[in-house]
Amino acid sequence: MNIDADSRGADRLQEGKVHSMKLRDLAGDQFPELEAQLEGPAGLLDISGLSSDSRHVAPGNAFIAVAGTKADGAGFIVDAAGRGAAVVIASQPVDASIPVLAVKEPRRFLSIAAARFYGRQPDTMVAVTGTAGKTSVASFTRQIWAHAGHAAAMIGTTGVVSPTRNEYGALTTPDPVSLHKLLAELADEGVTHASMEASSHGLDQSRLDGVKLAAAAFTNLGRDHMDYHPTVEAYMAAKMRLFDRLLPKGAPAVIFADDAWSAQAVKAAADAGHDVRTVGRKGDYLTLKRVEHFRHKQTAEIHIGDEIFEVDIPLAGDFQVANTLVAAGLAMSTGVEPKAAMAALEKLVGASGRLELVGHTKDGALAYVDYAHKPDALENVLNSVRPFTTGRVIVVFGCGGDRDRGKRPIMGEIACRLADVVIVTDDNPRSEEPAAIRAEIMAAAPCASEIADRATAIREAVAMLKSGDTLIVAGKGHEEGQTIGAVTLPFSDHAEVRKALEELKS
Ligand SMILES: CC(=O)N[C@H]1[C@@H](OP(=O)(O)OP(=O)(O)OC[C@H]2O[C@@H](n3ccc(=O)[nH]c3=O)[C@H](O)[C@@H]2O)O[C@H](CO)[C@@H](O)[C@@H]1O[C@H](C)C(=O)N[C@@H](C)C(=O)N[C@H](CCC(=O)O)C(=O)O
Ligand SMILES: Nc1ncnc2c1ncn2[C@@H]1O[C@H](COP(=O)(O)OP(=O)(O)OP(=O)(O)O)[C@@H](O)[C@H]1O
Ligand SMILES: N[C@H](CCC[C@H](N)C(=O)O)C(=O)O
Ligand SMILES: [Mg+2]
């Protein structure tokens, strides 16, 4: 059976390379404004691929001109034509040396056409949105499916994981062309179930519009990406696109019930005609009755209908219970039996760099790496370790450059309020002046000390650990680099924490 699947996959990939489609087949019937335009000769053009970046156009491609944050693709039509584009799809008719077809939403066209061009995706796809927890939920959902015997994959911030891959990725939600190429490859490799993260950028830019979703989920909403979305309401509206535009009517919408924005998410999903399934303490699909926190695990009592499960979740952090419930909700909504889902929760492995225990001192002080790079996440992670910390909570963190400046003082205030020792350091300053970023955090963190170099900050924090203390190195999680200016130097919080712990022992 494997041999068959493999050889089919190979054929298909081979086919992909020489593949072409008539423009009218690529467009399908979702763009009424294109119908008349496709009846002409343009509809019969053979299209060899799609690109929204003129620099990547190959002969015979359709160039989709989209308006971006920095430029408007319509300004690159001449460039695309020069590289052999067969046709342009844009928001307005433009005079050009090749046919230009106008659609209302070029980004949506790009996604739908990419889905049709690559043709296949895993049979059961789910997507999760929310400010925090997406990567964890996508990973846990994949793991629950895998325990239930399905060939499962996940796509998100940490990359792609499938039975045959573990690849680092650049974006949380890939651009539509890479996404559908990847989905077709996964389907050809035999993957039947895939979970993906729906970032607010991805939703806003219609990157997921071609994905056929069986279910979707919402975790929570907090402050994030205020450099991109004009208001928090606009940010929430982008997230709710998952329910009101993408999820087919009547499909399960799994919603975490205990967040301040839960009611609004429930309303959006119900208004869109979905089968709303809430999870959490206030949840009715999966109801959390009780949690006991231990150092490296938590025991949760979960009610599903009339059944009661007592589950040992091998992860630290209250928020991880929320994430496991959302993941179990998605897995059960796509056919996993409750008993199998609950059994799988006992085997979960945390996503890399999400409150991940990297090591401990000889006195047993714990050192964690975590990806909290936004206010709510920092608040959650610091609160999460307090119950099992008998000594001090020590945190090392910074804020990224060229990103939302407003979060800097907010995170500074949270750190001083919830930790006993705070060290402010650099986290991808990018094109900004690192000292200026730190100063904006420090302005609201009078308790903090400042150590610019992240490796030094980590070494000093590890050196001060005493029995009962907990160290959180926050903000970079799984990342493998530190971006200063335009250069990314290799850097890993995991490696630096390990090195510092080793130095202590020697
Ligand atoms: C802000 C943002 O989301 N930008 C994304 C967006 O680019 P853009 O539309 O802003 O591009 P632009 O530079 O204004 O150019 C407009 C158009 O002209 C085209 N162009 C440009 C130059 C040229 O010579 N020829 C040409 O055709 C561009 O390809 C583009 O299509 O569309 C591009 C194609 O899909 C993405 O690669 C790009 O992601 C950039 C790299 C990025 O950093 N995005 C981050 C912020 C992001 O999306 N993050 C989220 C959330 C992360 C999380 O919190 O988890 C994610 O999903 O990863
Ligand atoms: N359910 C949750 N509630 C609050 N904070 C959480 C939750 N889940 C995770 N976190 C915090 O957010 C960090 C990132 O978690 P995760 O990667 O799962 O979320 P994400 O939504 O994918 O984030 P990103 O948008 O940055 O990719 C964790 O390291 C933790 O600090
Ligand atoms: N997806 C997020 C990750 C931020 C992680 C943090 N380490 C930083 O660089 O700010 C972003 O690109 O805004
Ligand atoms: Mg993520």
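1. A friendly start with the cysteines: counting sulfur pairs within 2.5 Å, this predicted model comes to one disulfide. The bond joins Cys416 to Cys447, with an S to S distance of 2.0 Å. The torsion about the S-S bond is -95°, and the link of Cys416 and Cys447 is therefore left-handed.

2. It is worth seeing where the two ends sit. Cys416 belongs to helix 14, which covers residues 407-418. Cys447 is found in the loop between helix 15 (434-442) and strand 22 (449-450). The two cysteines are 31 residues apart, and the pair links distant parts of the chain. As for solvent, Cys447 has 40% relative accessibility and counts as partly exposed.

3. Please look at Cys399 too, which is in no disulfide. The nearest cysteine sulfur to Cys399 is that of Cys416, and it is 13 Å away. Cys399 has a relative accessible area of 3%, so this residue counts as buried.

4. Now to the metal. Which residues coordinate the magnesium ion (ligand 4)? Thr135 and Thr157 each do so through OG1, and Glu197 through OE, at 2.1 to 2.2 Å. Along the sequence, these donor residues follow the spacing T-x21-T-x39-E.

5. Two of these donors come from separate elements: Thr135 lies in helix 6 (residues 134-147), while Glu197 lies in strand 11 (residues 193-197). The pair therefore ties together parts that are 62 residues apart in sequence. Are Thr135 and Glu197 buried or exposed? Both Thr135 and Glu197 are buried.

How values were computed
Residues numbered from 1 in each chain as written. Chains lettered and ligands numbered in written order. Predicted model: local features only at pLDDT ≥ 70, side-chain atom pairs only at ≥ 80, totals over all residues. Heavy atoms only, no water. Helix = DSSP H or I, 4+ residues; strand = E, 2+ residues; numbered from the N terminus. Buried < 20%, exposed > 50% of the residue type's maximum accessible area, 1.4 Å probe, protein only. Donors = N, O, S within 2.8 Å, 3.2 Å for Na, K, Ca; no water.
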